Amino acid sequence: MKSVSRQPIQAEHNRRGAALIVAMICTVLVTLMLGTMVKITLTRAQQARHREHALQADWLAEAGLERAQALLTAQPDYQGETWDIEAETLGGPYRGTVTIRVAAIPENPQARDVSVQAEYPAGQIERIRKSKQIEIILTPSPSDDSQDAE
């Protein structure tokens, strides 16, 4: 009777085992790379959202200064306000808030110190606050000049 050699069968099993280990290592590496790419993408999206909110808060602060200047021109006794801007007005999913404060400057009765603080998105946990301040010199309106002449 002839004896059958087991050596070729053993070598074939070893090659299958090695191929399985290589495949598992490749799968783990690909999974790690994909996980890293997803994390980078999510981080970049969050950074872009943060930049967008910072820009919106900056624009709201500028708008608050312009609003204060316009209202001071129409009403020299304007003291400020909290201006709530709805999301629909801003064209986005969040609302904004601008707090305007106007203070007289004792050395110059025609000057006003205007400070604004814009918050966007208002009422959210992650929000951006931007503050700006200017000095506005009030100019007498033409109707005030005509009353003085009388």
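Residues count as buried under 20% relative accessible area, as exposed over 50%, and as partly exposed in between. Keep that scale at hand for the exercises below, and remember that this is a predicted model.

**Exercise 1. Sort the salt-bridge partners of strands 3 and 4**

Task: Work out whether Arg129 is buried, exposed or partly exposed, then do likewise for Glu119 and Arg127.

Solution:
- Step 1. Start with Arg129: its relative accessible area is 47%, so Arg129 is partly exposed.
- Step 2. Turn to the partner of Arg129. A salt bridge joins Arg129 to Glu119, with 2.9 Å between the closest N and O atoms.
- Step 3. Place the two along the chain. Because Arg129 belongs to strand 4 and Glu119 to strand 3, their pair ties together parts that are ten residues apart in sequence.
- Step 4. Classify Glu119: its relative accessibility is 16%, so Glu119 is buried.
- Step 5. Look for another partner. Glu119 also forms a salt bridge with Arg127, where the closest N and O atoms are 3.5 Å apart.
- Step 6. Classify Arg127: a relative accessible area of 34% makes this residue partly exposed.

**Exercise 2. Connect helix 1 to strand 1**

Task: Find which residue meets the side chain of Arg67 in a salt bridge, and say where the two partners lie.

Solution:
- Step 1. A salt bridge needs a side-chain nitrogen of Lys or Arg within 4 Å of a carboxyl oxygen of Asp or Glu. Arg67 and Glu81 satisfy this, at 2.9 Å from N to O.
- Step 2. Arg67 sits in helix 1 and Glu81 in strand 1, so read as a link between distant parts of the chain, 14 residues apart.
- Step 3. Check the surroundings of each partner. Arg67 is partly exposed because its relative accessible area is 28%, and Glu81 is partly exposed as well, at 24%.
- Step 4. Put the pair in context: the model has six salt bridges in total.

**Exercise 3. Lay out the sheet**

Task: Give the strand order and name the edge strands.

Solution:
- Step 1. Four strands make an open sheet in the order 1-2-3-4, and their pairing is antiparallel.
- Step 2. Strand 1 (80-85) and strand 4 (128-137) are the edges, since each pairs on one side only.
- Step 3. From one strand to the next, the twist averages 15°.
- Step 4. Zoom in on one pairing. Strand 3 (residues 108-120) runs antiparallel to strand 4, and ten bridges join them. Within strand 4, Lys132 is the bridge partner of Val116.

**Exercise 4. Compare a core with a surface patch**

Task: Which elements give two or more residues to the largest nonpolar core, and which residues form a nonpolar patch on the surface?

Solution:
- Step 1. The largest nonpolar core holds 19 residues, and Leu72, Val98, Ile100, Val114 and Val116 have the most contacts inside it.
- Step 2. Helix 1, strand 2 (96-105), strand 3 and strand 4 each give two or more residues to this core. Helix 1 contributes the most, with seven residues.
- Step 3. Now go to the surface. Ile21, Ile25, Val28, Leu29 and Leu32 form a nonpolar patch there, and together they have about 480 Å² of accessible area.
- Step 4. Take Leu32 as a check. Leu32 lies in helix 1 (residues 7-74), and its relative accessibility of 53% is why Leu32 counts as exposed.

Notes: Residues are numbered from 1 along each chain as its sequence is written. This is a predicted model: local features need pLDDT of at least 70, side-chain atom pairs count only at pLDDT 80 or more; totals for chains, interfaces and linings use all residues. Side-chain values use heavy atoms; hydrogens and water are left out. Patches are made of residues with over 30% relative accessible area and no salt bridge: like charges are joined within 9 Å, nonpolar side chains (Val, Leu, Ile, Met, Phe, Trp, Tyr) within 5 Å. Accessible areas come from the Shrake-Rupley method with a 1.4 Å probe; for residues, only the protein chains shown count as cover. Buried means under 20% relative accessible area, exposed over 50%, partly exposed in between (1.4 Å probe, protein chains only). Two strands pair if DSSP finds at least two bridges between them. Axes are lines fitted to C-alpha atoms, for helices over the stretch in contact, and angles run from 0 to 180 degrees between N-to-C directions. A nonpolar core is a set of buried Ala, Val, Leu, Ile, Met, Phe, Trp, Tyr and Cys residues joined through side-chain atoms within 4.5 Å.
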